[in-house]
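This report covers strand pairing and aromatic contacts in one model. The structure comes first, then the description.

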Amino acid sequence: VVLKASNAMLQVTVSGASPDVPNVSDNRTWSGPSGSVITANSKFSFSPDCYTLTVGGVDFDDTGSYKFTAANSVGKNSVTINLTVEAAPVVTTDPTQSTVIATQTATFSCVITGHPQPSITWEKNKKALANDSRIQISETGSATAGRTSTLTITNTAVGDAGDYVCKATNSRGNTTSNTVTLVVQVTPSVAAISSPVVVWKGRTATLYVNITAAIPSVAVSPSSRQWQFSNGSVVTADSRFSFSSDRLALSIS
């Protein structure tokens, strides 16, 4: 077992009643996980007697069984050594910010590599999340090639807004993704402060309303507020109709 990016040295010993065969590569060979005979190159090197194979800068795809075969005039024999490459978890793809309208579905994804396969969890505002009727955490893919963890929140509500993070841990270490924010927008709620409004003929009537939104980030700007007549046509300011600066009051003179 070796750490990713380090060098792995696979060693064997050879003994036999007959004299050793001369140091000829055809009589002492190493084969890799694919079964092909290994030749010396920038990644693989051998000791002079060929009893030690060094695999340089190992990666996950170097994991597998390596077989050494020795032959002499009597016959041949072989031995297998299993190589396992391990690494602490690494976030290769961070989740991204998300903005949804209340009741829509919000989704975050995080891609992790590492071996042994990391345990992946999600947190909201530093508190661990677990599957329930609205929250589902699923995983796909290989941890060595990239394991994707997906957090899905259905029927979102204002209470789901906050900071989310993905964490992963295995025996080699742990890691944390970037923190991302979920914004949940809501339709503004409009209420009349007093209704009905009764005034004397010829005097000024002022109608007041109040707007509430669950979070400041979805507050309704004055420019997007309008008053309408009962027939649906929009009221515009003129000699008889005027608005307060926040357009929450309409005066009719």
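The text below treats the strands, then the rings.

The model is predicted, so to speak of a local feature requires pLDDT of at least 70 and a side-chain atom pair counts only at pLDDT 80 or more, while totals for chains, interfaces and linings use all residues. Residues are numbered from 1 along each chain as its sequence is written, and side-chain values use heavy atoms, with hydrogens and water left out.

Strands are DSSP runs (E, at least two residues), numbered from the N terminus, and two of them pair if DSSP finds at least two bridges between them. An open sheet of 5 strands follows the order β1-β8-β10-β14-β13, and its pairing is mixed. Its edge strands, β1 (2–3) and β13 (135–140), each pair on one side only.

Three antiparallel pairings are listed here.

| Strands | Bridges | One residue pair |
|---|---|---|
| β10 (106–115) and β14 (147–153) | 7 bridges | alanine 106 opposite isoleucine 153 |
| β19 (205–212) and β21 (249–252) | 4 bridges | leucine 207 and leucine 250 |
| β20 (241–243) and β21 | 3 bridges | serine 242 and serine 251 |

The hairpin of β20 and β21 has 5 residues between the strands, and arginine 247 takes a positive phi near 60 degrees there. Arginine 247 also lies over the face of phenylalanine 243, at 4.2 Å from the ring centre; the rule asks for CZ of Arg, or NZ of Lys, within 6 Å of the ring centre and within 35 degrees of the ring normal.

Rings of Phe, Tyr and Trp (its six-membered ring) pair if their centres lie within 6.5 Å, and count as stacked with planes under 30 degrees apart, edge-to-face over 60 and tilted otherwise. The count comes to 5 aromatic pairs. Trp30, Tyr51 and Phe68 form one aromatic cluster.
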